Amino acid sequence: MRPATLPIVLLAAGFAAAPAAAQHQTAFDLEDGRRAYQASCANCHGPDGNLIAGIDFGRGVLRRPFTDEELADVILEGLPDTPMPPTPGMSREQALRIVEYLRSMPAGRVTAADGDPARGRRVFEGKGRCLDCHRVNGHGSRVGPDLSRIGRLRGAADLERSLLEPQAEVQPDARFVTVTPRRGEPVKGRLLNHDTYTVQLIDTEERLRSFRKADLRAFEFVESPMPSARVELMPEEIADVVAYLLSLRGEVLP
């Protein structure tokens with residue numbers, strides 16, 4: 001499925017009751033469907049499926065009730081005279097996994113609309129101490145990933161999951177490693193790049209470090225240092241932070 005796919009014409013009605021195929025979905029199926037959606041469909045529909053007027057996959061809003069098989073047909077065959085193209089390279093099994101993920105979205109929807117971005121910013125910069133590791137619009141630390149454009153890249157459900165279960169799925173730009181030189185102490189930091197010969201990282205003191213792999217005794221990935229927000233924040237504060245993160249789209253806020 002190439003970018004800008006899942007149909008722009010799926011508007012305003014609601015999902016039909018999920019047929020038997022969706023009743024046998026597994027966690028693997030949903031995760032596979034989620035990855036396929038994010039890679040192929042979110043470019044137009046957005047991470048939460050609500051960027052196109054009148055369509056909201058997260059609330060089950062379509063043009064009319066579709067069965068799973070009908071939705072899979074749309075994904076595979078496209079719709080004539082619309083921006084929705086066919087995807088002949090995709091298997092029917094993969095299309096059905098995307099459908100299963102779409103069916104699951106309303107049940108797992110994060111109500112970021114209930115959060116307040118202004119309150120979320122105060123929590124983010126204050127009680128949450130997020131700037132100790134992250135950077136937003138030039139302020140904060142470089143130890144963790146820069147979040148200045150995170151609202152363009154991640155959806156509400158993914159952001160909430162990252163806050164509550166930071167080890168569940170670590171994004172490529174948030175991977176931490178420990179390198180141990182043949183002479184010297186181990187160095188831990190966020191991985192920037194590595195190839196056959198070298199490793200580059202930002203250490204916990206925000207210093208850019210580069211190592212030749214030939215000079216290392218060990219190079220290993222380690223758990224992200226980010227704690228779960230459940231430890232310090234109330235549910236309403238988490239919703240506020242999610243709303244604030246969604247508002248970060250590269251523009252400098254006042």
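The largest cavity in this predicted model has a volume of about 50 Å³, and the count of cavities of 30 Å³ or more comes to one. Alongside this enclosed space there is an open one, since the largest pocket holds about 1100 Å³ of space. The chain around them has 254 residues, of which 43% are buried, and its secondary structure consists of nine helices and seven strands.

**The cavity**

- The residues that line the largest cavity are Arg154, Asp158, Arg161, Ser162, Glu165, Ala168 and Glu169.
- Sorted by class, the lining of the largest cavity is made up of five charged residues together with one polar and one nonpolar residue.

**The largest pocket**

- The largest pocket, with its space of about 1100 Å³, is lined by 42 residues, and those closest to its centre are Cys133, His134, Pro145, Leu147 and Met226.
- By class, the lining of the largest pocket comprises 23 nonpolar residues, eleven charged residues and eight polar residues.
- Three helices, namely α7 (150-153), α8 (156-164) and α9 (235-247), each contribute at least two residues to the lining of the largest pocket, and α8 gives the most, with three residues.

**Cysteine 130 and methionine 226**

- Cysteine 130 is placed in the loop that runs between helix α6 (117-125) and strand β1 (135-136).
- Because its relative accessibility is 17%, which falls under the 20% cut-off, cysteine 130 counts as buried.
- Although cysteine 130 and methionine 226 are 96 residues apart along the chain, their C-alpha atoms are separated by 9.4 Å; methionine 226 is also one of the residues closest to the centre of the largest pocket.

**The chain as a whole**

- Among the contacts in the chain with a separation of 6 or more, 65% are accounted for by residues that lie 24 or more positions apart.
- The chain exposes about 13500 Å² of surface, and carbon and sulfur atoms supply 53% of that area.

Definitions and conventions:
Residues numbered from 1 in each chain as written. Predicted model: local features only at pLDDT ≥ 70, side-chain atom pairs only at ≥ 80, totals over all residues. Heavy atoms only, no water. 1 Å grid on protein atoms, 1.4 Å probe; cavity = no way out; pocket = protein on both sides within 12 Å on 5 of 7 lines; lining within 4 Å. Points joined across faces, edges and corners; volume = space filled by probe spheres on them. Helix = DSSP H or I, 4+ residues; strand = E, 2+ residues; numbered from the N terminus. Nonpolar A, V, L, I, M, F, W, Y, C, P; charged D, E, K, R; others polar. Buried < 20%, exposed > 50% of the residue type's maximum accessible area, 1.4 Å probe, protein only. Contact = heavy atoms within 4.5 Å. Areas by Shrake-Rupley, 256 points an atom, 1.4 Å probe, with all protein chains shown as cover.
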